[in-house]
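Please walk me through this structure in connected prose, explaining each term as it comes up.

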Amino acid sequence: MTGSSDVIRVKGPGRLAGEVSVTGAKNSSLKLMAAALLAPGRTVLYNVPKITDIAIMAEVLRRLGCDVRTVPGETPGAGVTAGAGARTDPAGDGLSIDVPDEPGTDTDYDLVRRLRASICVLGPLLARRGRVRVALPGGDAIGSRGLDMHVAGLTRMGAEFSGEHGMIEATAPGGLVGAKVWLDFPSVGATENLLMAAVLAKGVTEIDNAAREPEIVDICDMLTAMGARITGAGSSKLTIEGVTELRPVTHRTIGDRIVAGTWALAATMTRGDVTVTGVDPSYLEIALDKVATSGATVETHPTGFRVAMDRRPRAVDVVTLPFPGFATDLMPMALGLAAVSEGSSLITENIFDGRFMFVPELVRLGAQIRTDGKHAVVRGRERLSGAPVRATDIRAGAGLVMAGLCAEGTTEVSNVHHIDRGYPDFVADLRRLGAAVSREHAPPEPTYAL
Ligand code: EPU
C-alpha cells in the first residue's frame, strides 16, 4: 500500500461500464477478527478485504498476543460457514488468527486512534479475561460517536468501568452475567460488543432495539458455528444463552454492501452500465430502489445486480437510517447523484452529526448544496466542474472521486489514505470500468515561514 500523500486524478466526464466484483465487508471482517478472540486456537477468515483498516486490526490482535497471517484463498466446500451471496472464488483473501489461551488485555491509543473499530475488542476480552484496557477513540471526521451504550450495556452485565489518562478500563470481578439490555439507538458497535460479551456470560442476555445490519447476522452466524447460542439475528431482539467455551472456526465474510452500493450509485450518476457481483442484493434494497426511482434499470440475481442508466437521473430524496434503511455510508454518493440530477433533492442524515463536513469539497466541484443541521438541499446541475478536493473520510473520499467522474476537466482528490481504509483496488476497479483515473504521489505541501 502506498503512502498517505497520494492523490487520485480523475478526468471527466466519464462513464462506468462493465463488471466489478466486491470482496468481503470491511465492517464485518473487522468484527469477525475480534470475535476470533473468543476461542483459543486457529480461526480462519476468508473473503477478507485487503485494506488498511484490516491491517490495523491485525496489529491490534498481534499486540494482544495473536499470530495473524494472510493465507491463500479457500478451498470451496470444506466446512466454511458463510453469509448469502459472498464471493467464493478460491483466490479470495484469507486470514488466519491464532489466539493464545490468555490473550493480552491492553489496546493503546496509537491503534485505537487510527481505527475506532478496535473498540470492539472490549466485549470479547471482558468475556475471556475479565479485564480490558482500551484507549478512548476520541472524535473523528464524521461526528462525535460516543460509547455510552457500550458502557451501559456491559455495566448491566456486571462490568465495572473506570477511566483516566484517556484510557477506559473495564473489569468483571464476578464474571459477566446475562442481563436485559435496551439500546437507546440500534448501534452497530454496541450490539456487537454486547453480543460478543454475552456469548460467554453466565445465563441469558436479551438485547432489545439491537442493530439489524447484515454484518450483525454475519457475526451471529460465525459465533453460532463457534458454539454460541443466539436467536433473533437480523431482528431487533437478540437472545443469547451464554456457554462456557467456544471453539475456533473457518468462516467466509459476507460481501461488502457499501462498496457494492457505491458502484450502484456511481453507475447511475455517470449514466453507465455496471454489473456488481459478490454481494447479496437484498442488503441494498432501498439503495437499489432509489437508483431505480431516479431512472436506472436494475436487475438483481442471487449474488449481485446490474444497474444501467441511459439518461440524466431524476432527483430523489434520501433519508439515512439504520438497516434496512438507506445506509449512512452511502450518503456521500447519494449527494453526488443529487448534484447531477434533474431537479432538487432533500438528503437527510440521521446517523452521524458530522457527515456533511465534506460538503464544501463537493461545492468546490460546482455542486449546489445547502445544509441545515441534518438536512441538505441539493439543486442538480447537468455537469460539475473539476477541481482539487480533499477526502475527509472513507466514504466522502469515494463520493468525491465519483463526483469527479461527473465533472468537466480534472479533479484531484487528495488524502487518498482515507479511501484505502475501505476500498480495495479502487483505482484498478475504476479503470477496468473505463474511467480515466490514475493514482499519483502528490508533491509535498509547501511550508512557509516568516
Ligand atoms: N452512538 C452513541 N453511543 C454509543 C454508540 C453509538 O451515541 O454508545 C451513536 C454514534 O455517535 C452515531 C450513532 O450512534 O451517531 C451510530 O453509531 P453506531 O454505533 O451504529 O456506528 P459504529 O458502530 O460506530 C458502524 C460502522 C460505520 C457505519 C455505522 C452505521 C464499523 C467499523 N463502522 O459504526 O461505518 O457508518 O456503523 O451503520 O462497523 C464506514 O465504514 O465508513 C463507517 C463509518
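Lys-237 in strand E14 is the bridge partner of Asp-208, and in that strand Glu-241 is likewise the bridge partner of Val-204. These contacts belong to the pairing of E12 with E14 (residues 237–241), which is antiparallel and extends over 5 bridges; two strands are said to pair if DSSP finds at least two bridges between them. The names of such elements follow DSSP runs numbered from the N terminus, with helices (H or I) of at least four residues and strands (E) of at least two. The model is a predicted one, in which local features need pLDDT of at least 70 and side-chain atom pairs count only at pLDDT 80 or more, while totals for chains, interfaces and linings use all residues. Residues are numbered from 1 along each chain as its sequence is written, and side-chain values use heavy atoms, with hydrogens and water left out.

Strand E12 (residues 204–208) is also joined to strand E11 (residues 180–182), here by 3 bridges and with the two strands running parallel, and Val-181 stands opposite Ile-207 of E12. Between E11 and E12 the chain crosses through helix H6 (residues 188–198), giving a β-α-β crossover that is right-handed, a term for a path that, with the strands pointing away from the viewer, runs clockwise from the first strand over the helix to the second. The wider arrangement is an open sheet of 4 strands in the order E11-E12-E14-E13, and its pairing is mixed. E11 and strand E13 (229–231) are the edge strands, each pairing on one side only. On average, neighbouring strands of this sheet are turned by 15 degrees against each other, direction ignored.

Helix H6 also has a place in the helix packing, where the axes of H1 and H6 come within 11 Å and cross at roughly 25 degrees; axes are lines fitted to C-alpha atoms, for helices over the stretch in contact, and angles run from 0 to 180 degrees between N-to-C directions. H1 is therefore roughly parallel to H6, since angles under 35 degrees count as roughly parallel, over 145 as roughly antiparallel, 65 to 115 as roughly perpendicular and the rest as oblique. The crossing of H1 and H6 is right-handed, meaning that the near helix is turned clockwise from the far one by less than a right angle, whereas an anticlockwise turn would be left-handed. For helix H1 (residues 26–35) and helix H7 (residues 214–225), the axes come within 9 Å and cross at roughly 30 degrees, so H1 and H7 are roughly parallel to each other, and H1 passes H7 in a right-handed crossing.

Turning to single residues, Thr-43 lies in strand E3 (residues 41–46) and counts as buried at 0% relative accessibility, where buried means under 20% relative accessible area, exposed over 50% and partly exposed in between, for a 1.4 Å probe and protein chains only. Thr-43 and Thr-250 are 207 residues apart along the chain, yet their C-alpha atoms are separated by 5.8 Å. Thr-253, in the loop between strand E15 (250–252) and helix H8 (257–269), is buried with a relative accessible area of 0%.

The structure also holds 2 aromatic pairs. Tyr-423 and Phe-426 form a tilted one, at 5.1 Å centre to centre and with 50 degrees between the planes; rings of Phe, Tyr and Trp (its six-membered ring) pair if their centres lie within 6.5 Å, and planes under 30 degrees apart count as stacked, over 60 as edge-to-face and the rest as tilted. Ring pairs link Trp-263, Tyr-423 and Phe-426 into a cluster.
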